[in-house]
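Biologist: I would like to learn how to read a model of this kind residue by residue, and I would be glad if you took me through it feature by feature.

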Amino acid sequence: MQKKHQKVQTLLDAIPYIKKFFGKTVVIKYGGSAQTSPDLKEKFAEDIVLLSLLGIKPVIVHGGGARITELLTKLEIPSHFVDGHRVTCQESMRVVEMVLSGEINKNITSLLNHHGAKAIGISGKDSSIINAIPKDGGKFGFTGEITKVNGEMINNLIKEGFIPVIAPIADSAEPNHPGFNINADVAACEIAVAVKAQKVLFLTDTIGVLDKEGKLIETLDKDDVEAYKKDGTIAGGMIPKVDSCIDAIYNGVNKAHIIDGRVEHSILLELFTSDGIGTQFLRRDNPNNGIDMQKLLEN
């Protein structure tokens with residue numbers, strides 16, 4: 001009986017957070033082990049279906065770097081990274097689009113639908129939802145820099161009851177252009193801003209942003225990030241993640257989080273518990289950071 005009461009108490013404790021996020025859009029960047037482990041994939045799908053049933057509007061933006069690298073290696077196509085961004089040649093761009101828009105996007109969509117969601121898989125090329133130009137003047141080849149996201153189109157899908165699952169491939173203004181490979185973290189940030197999301201979550205293979213002693217840094221703002229980048233605490237593939245989080249919170253998104261996708265139901269733990277998990281990014285001058293639990297319970 002005690003265990004049953006504990007389960008009920010857990011549900012009651014989540015009420016203020018369910019109220020807070022009801023009707024709100026949450027963008028989730030889906031990657032890492034959560035995207036490759038069969039067990040974690042199932043837990044992820046369950047989390048997304050639950051969010052939808054609770055009146056929360058999830059938007060999924062996925063990566064696929066490990067699978068892209070695996071296939072490029074098999075095809076003996078060279079690939080390398082600069083500051084966490086893949087340099088994409090024209091030959092590798094074909095592989096990137098095949099993996100992201102074809103294989104991974106449709107697998108995620110199918111998984112969610114199997115669990116009872118109403119998911120629709122799209123690419124940033126569809127209806128030119130994402131437009132881009134060459135990043136840093138072409139330094140990264142066909143890796144792009146986003147110039148525009150059609151948030152209205154994504155919101156129309158949400159209004160129709162769909163869960164958008166978006167592959168980070170962008171369209172070009174040039175005809176017959178192969179398109180651009182977009183860093184999934186950056187795409188998630190820009191999409192979160194465009195759809196006016198309440199929150200953006202980044203699922204990764206780390207517990208969050210770590211200091212030089214390997215301890216979790218629970219909260220970061222812009223000045224903190226710049227200092228940690230300068231002293232090398234934040235480096236490599238973590239740079240586009242933290243930069244995306246900062247961009248999001250300074251362009252209308254209330255909070256951004258980097259959380260451990262290796263933890264089962266990590267999305268629910270972040271959204272519906274008082275402690276949360278991972279590293280949160282917030283503007284310390286934002287009065288909407290807090291949650292007045294008593295007020296929510298009274299409403």
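Modeller: Let us begin with burial, keeping in mind that this is a predicted model. Arg 86 has a relative accessibility of 7% and therefore counts as buried, since the cut-off for that class is under 20%. Arg 86 sits in strand β4, which covers residues 85–87.

Biologist: Which side chains does the side chain of Arg 86 meet in polar contacts?

Modeller: The side chain of Arg 86 makes a polar contact with the side chain of Thr 69 at 3.0 Å, and another, of 2.7 Å, joins it to the side chain of Ser 79. Between the C-alpha atoms, Arg 86 and Thr 69 are 9.8 Å apart in space, with 17 residues separating them in sequence. If residues up to four places away in sequence are set aside, the residues that Arg 86 touches include Gly 65, Leu 72, His 80, Phe 140 and Asn 181.

Biologist: How should I read salt bridges, and how many does a search of the whole structure find?

Modeller: The general idea is that side chains of opposite charge can pair when their charged atoms come close. In this model the search finds 11 salt bridges. One of them joins Asp 185 to Lys 29, with the closest N and O atoms 3.4 Å apart. Asp 185 belongs to helix α7 (residues 184–194) and Lys 29 to strand β1 (residues 25–30), so this pair ties together parts that lie 156 residues apart in sequence. Asp 185 and Lys 29 are both buried.

Biologist: Which lysine in helix α9 also forms a salt bridge with Asp 185?

Modeller: That partner is Lys 241, and here the closest N and O atoms are 3.2 Å apart. The pair again links distant parts of the chain, with Lys 241 in helix α9 and Asp 185 in helix α7, 56 residues apart. Lys 241 is buried, as is Asp 185. Elsewhere, salt bridges that share partners join Arg 67, Glu 70, Lys 74 and Glu 103 into one network.

Biologist: Are Lys 125 and Glu 97, which also form a salt bridge, buried or partly exposed?

Modeller: Lys 125 is partly exposed, because its relative accessible area is 24%, and Glu 97 falls into that class with a relative accessibility of 23%. Their closest N and O atoms are 3.1 Å apart. Lys 125 lies in the loop between β5 (119–123) and β6 (130–134), while Glu 97 lies in helix α5 (residues 90–114), so the pair ties together parts 28 residues apart in sequence.

Biologist: What should I look for along a helix such as α7, and what is found at its start?

Modeller: An α-helix has 3.6 residues a turn, so residues three or four places apart point the same way. In α7 the buried residues are Ala 184, Asp 185, Ala 187, Ala 188, Cys 189, Ile 191 and Ala 192. At the start of α7, a side-chain oxygen of Asn 183 comes to within 2.9 Å of the backbone nitrogen of Asp 185. After α7 comes Lys 196, whose phi is positive, near 60 degrees.

Biologist: Which residue of helix α9 touches Asp 185 and Cys 189, and is that residue buried or exposed?

Modeller: Ser 244, placed in helix α9 (residues 238–249), touches Asp 185, Val 186, Cys 189 and Phe 202, not counting residues up to four places away in sequence. Ser 244 counts as buried because its relative accessibility is 2%.

Biologist: What would a contrasting, exposed case look like?

Modeller: Consider Lys 212, which is exposed because its relative accessible area is 57%. Lys 212 is found in the loop between β11 (199–204) and β12 (219–220), and its side chain reaches the backbone oxygen of Asp 231 at 2.7 Å. Lys 212 also touches Gly 232 and Thr 233, and the C-alpha atoms of Lys 212 and Gly 232 are 8.6 Å apart although 20 residues separate them in sequence.

Biologist: Which residues make the nonpolar surface patch?

Modeller: Val 8, Leu 12 and Ile 15 make a patch of about 230 Å². Leu 12 lies in helix α1 (residues 2–21) and counts as partly exposed because its relative accessibility is 44%.

Technical notes:
Residues are numbered from 1 along each chain as its sequence is written. This is a predicted model: local features need pLDDT of at least 70, side-chain atom pairs count only at pLDDT 80 or more; totals for chains, interfaces and linings use all residues. Side-chain values use heavy atoms; hydrogens and water are left out. Patches are made of residues with over 30% relative accessible area and no salt bridge: like charges are joined within 9 Å, nonpolar side chains (Val, Leu, Ile, Met, Phe, Trp, Tyr) within 5 Å. Accessible areas come from the Shrake-Rupley method with a 1.4 Å probe; for residues, only the protein chains shown count as cover. A salt bridge is a side-chain nitrogen of Lys or Arg within 4 Å of a carboxyl oxygen of Asp or Glu. Helices (H or I, at least four residues) and strands (E, at least two) are DSSP runs, numbered from the N terminus. Buried means under 20% relative accessible area, exposed over 50%, partly exposed in between (1.4 Å probe, protein chains only). Contact means heavy atoms within 4.5 Å. A polar contact is a pair of N or O atoms within 3.5 Å; within protein, one must be able to donate a hydrogen and the other to accept it, and residues adjacent in sequence count only if both atoms are side-chain atoms.
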